[in-house]
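Biologist: Here is a model to go through. I will ask what each term rests on.
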Amino acid sequence: MTAEAASSAIPVPPAHLRTRVTGVEDEGMFQFFGRRISGEIRALFDTAGLPFGAPGQKILDFGCGCARVLRHVMPEADQARFHGVDVDVQAIDWCRVHLADSAEFTVTGRRPPLPFDDASIDVVYGVSVFSHIPEDDQRAWLAEFTRVLTPGGILLLSVNGAAVARMATTPVREQLGTEGIAYVHDGGIPGLPDWYQMCFHTREHVEQNWPTARLRIMSYTENAIMMCQDAVLLRKAGGDREEIR
Ligand SMILES: C[S@@+](CC[C@H](N)C(=O)[O-])C[C@H]1O[C@@H](n2cnc3c(N)ncnc32)[C@H](O)[C@@H]1O
């Protein structure tokens, strides 16, 4: 079976779960963006010369929702081991029923910890999660990802950067100009917690505030995810690869 046939064989989640991750219930949009993002993640790894989905690699989808992305990523990397976590109990329940053979799914909290040992995960990616949560939470998660990643492990996160900020209100753009980050209450999404709102970052803010002695930015790519979110690729210190920057 081809990877595309394998992902098509996975049932489509119900409309309310699709709406929570895509913003609309349209099934075509759910499939289109899931497939597109999966390809975008792979392209970011390829461009950086990094393996994605290698046999035995342990990959975590942080904020996986109802597996919009995982359903396309997993069939193309069937020798890797996948985990998905989310605060959305209904989405994780759906994944557990329909994707139990392909990945392990866990409900996690607003803030760390993750249910993984230190240095046990090779790749963490989070699509459209830091674009919705407060900065204190982001800081706590960056530290937690650093804990669970193997030495040399890779972290990929998407953020609402300059392209999305162009569509924001004037006060949001002003706050971005002075603070480099704006966490904005926009009404939220039915079914998700109150703190799940909108967050915008400037590239400079990410580049100045995210790196630590143990976590370095490898690349910052504008409009890399869904043609509008920026992608930040980071690497935990250690392992046998040299820092790119
Ligand atoms: C826009 S949706 C994207 C879902 C998925 N990454 C995708 O691209 O289809 C954001 C997801 O992040 C989850 N989320 C938000 N904060 C989280 C947190 N602190 N821990 C785990 N998941 C979180 C939400 O429940 C939601 O499923």
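Modeller: An oxygen atom of the ligand is 2.5 Å from an N or O atom in the side chain of Asp 86. This is a predicted model, where local features need pLDDT of at least 70, side-chain atom pairs count only at pLDDT 80 or more, and totals for chains, interfaces and linings use all residues. Residues are numbered from 1 along each chain as its sequence is written, and side-chain values use heavy atoms, with hydrogens and water left out.

Biologist: What makes the pair of Asp 86 and the ligand a polar contact?

Modeller: A polar contact with the ligand is a pair of N or O atoms within 3.5 Å. The Asp 86 pair, at 2.5 Å, therefore counts. A polar side-chain atom of Arg 68 lies 2.7 Å from a ligand oxygen atom, and a backbone N or O atom of Arg 110 is 3.0 Å from a ligand nitrogen atom.

Biologist: How much of the ligand's accessible area does the protein cover?

Modeller: The protein covers 99% of the 580 Å² that the ligand has on its own, by the Shrake-Rupley method with a 1.4 Å probe.

Biologist: Which residues around the ligand come nearest?

Modeller: Gly 63, Arg 68, Asp 86, Arg 110 and Val 127, of 21 around the ligand; a residue is near if one of its heavy atoms lies within 4 Å.

Biologist: Why is the protein's radius of gyration in agreement with a compact globule?

Modeller: The rule, over C-alpha atoms, is 2.2 Å times the number of residues to the power 0.38. For 245 residues this gives near 18 Å, and the protein has 17 Å, so the two agree.

Terms used. A polar contact is a pair of N or O atoms within 3.5 Å; within protein, one must be able to donate a hydrogen and the other to accept it, and residues adjacent in sequence count only if both atoms are side-chain atoms.
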